[in-house]
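Trainee: I'd like a close look at one buried spot in this protein and what sits around it. Could you walk me through it, then show me how it fits with the rest?

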Amino acid sequence: MEIWITQLFNGLSVSSILLLVALGLAVTFGLMRVINMAHGEFIMIGAYGAYMTQQVFRSVFPKGFFDAYFPVALLASFVLAFAIGWLLEVTLIRYLYDRALDSLLATWGVGLMLQQLARTIFGAPNVAVASPTWLDGGWALMPGVVLPYKRLFILALVALCLTAMYLYIYRGSAGRRMRAVMQNRDMAACLGVSTRRVDAFTFAIGSGIAGIAGCALTLIGPIGPSIGTYYIVDAFMVVVLGGVGKLVGTVAGALGIGIFNTLFEWWTDASLGKVLVFLCIVAFLQWKPMGMFAVRSRSLDS
């Protein structure tokens, strides 16, 4: 029983990280249809945002205030990634809508430049971000089962971000304008919606969520300029498997990939486990090419 509970928690933990990484991509790729290959670099920006916040707290504030740096780092990572995402959309992405191949190549080049910029500023070696002391240790659920506080915090953070995104997209006026623009841009413009402002803000929101994901990843291990490249493929698989443009599909895709990946790695090894997960995804998409939760519209039904 202890082994099964531990493996289930490990699967949920991996799923939560994948969901947090893919949540921003679900906005830029799922809703805006922009293939943003620089999404991993926004994760890297968020991670370095946490690192810079840590350094500021160490050098400016008294030692007793250090444990308060992480909530500030989450906000700083979101704001930094949001601002850079908004700047990227205004200067480049706005000219690449409905040009999938061009957006892929352009954002891939932007990602390489951001990686090199990070190496120039922070250096090529990985850097460590110290977690606050209130996240040390774990919760002893039962004898032989200890759930780390860091993983539990990431689960709570993912639930908070997911709730905020749901309320924003489906319960707020800004979310209704965003969905209107993504479904029928010309009609939304005729009704007075500023499509350019919606585009820029939506892309920036997706980038900001990626920044939060990068900040959360600093709790797991050291960070470096290429930290985002380790998650970008899995993030795309989560969005495609769940169904492009469906928030509930992103959640289901992350849960499926995370839990099955943990189980396969437990039964075999890490490399073979990833191969088996990939084969399962390919087989499932052969059966349901639109993913678990397909967007239904007249254009798709015709």
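Mentor: Let's start with alanine 204, which touches Phe82, Gly85 and Trp86 once you set aside residues up to four places away in sequence. This is a predicted model, by the way, so treat every contact here as the predictor's version. Alanine 204 is part of helix α8, residues 195-217. Is alanine 204 buried or exposed? It counts as buried, because its relative accessible area is 0%, and the cut-off for buried is under 20%. Glutamate 89 is a nice example of a distant stretch of chain coming alongside: alanine 204 and glutamate 89 are 115 residues apart in sequence, yet their C-alpha atoms are 7.6 Å apart in space.

Now go to threonine 202, also in helix α8. Threonine 202 is buried too, since its relative accessible area is 0%. Its partners are Val27, Met32, Met178 and Met182, leaving aside neighbours within four places in sequence.

How far can you lean on all this? The average pLDDT for the protein is 85, and 96% of the residues score at least 70. Confidence is highest in helix α3, residues 69-91, with a mean of 94. At the other end is helix α12, residues 298-301, where the mean drops to 43. Over residues 297-302 the pLDDT stays under 50, and the model has two contacts beyond four places in sequence for that stretch. I'd leave that bit out of the picture.

Stepping back to the interior, the largest nonpolar core holds 78 residues, and Leu20, Ile223 and Ile257 are the ones that touch the most other members. Take isoleucine 257: not counting residues up to four places away in sequence, it touches Leu18, Met237, Val238, Leu241, Val277 and Ile281.

Last stop is the second largest pocket, with a volume of about 440 Å³. The elements giving two or more residues to its lining are α1 (2-31), α9 (232-242), α10 (247-267) and α11 (270-287). Helix α1 supplies the largest share, six residues. In total, 20 residues line this pocket, and Val14, Asp234, Asn261, Glu265 and Lys274 lie nearest its centre. By character, the lining divides into 12 nonpolar, four polar and four charged residues.

Technical notes: Residues numbered from 1 in each chain as written. Predicted model: local features only at pLDDT ≥ 70, side-chain atom pairs only at ≥ 80, totals over all residues. Heavy atoms only, no water. Core = buried A, V, L, I, M, F, W, Y, C linked by side-chain atoms within 4.5 Å. Buried < 20%, exposed > 50% of the residue type's maximum accessible area, 1.4 Å probe, protein only. Contact = heavy atoms within 4.5 Å. pLDDT = per-residue confidence, 0-100. Helix = DSSP H or I, 4+ residues; strand = E, 2+ residues; numbered from the N terminus. 1 Å grid on protein atoms, 1.4 Å probe; cavity = no way out; pocket = protein on both sides within 12 Å on 5 of 7 lines; lining within 4 Å. Points joined across faces, edges and corners; volume = space filled by probe spheres on them. Nonpolar A, V, L, I, M, F, W, Y, C, P; charged D, E, K, R; others polar.
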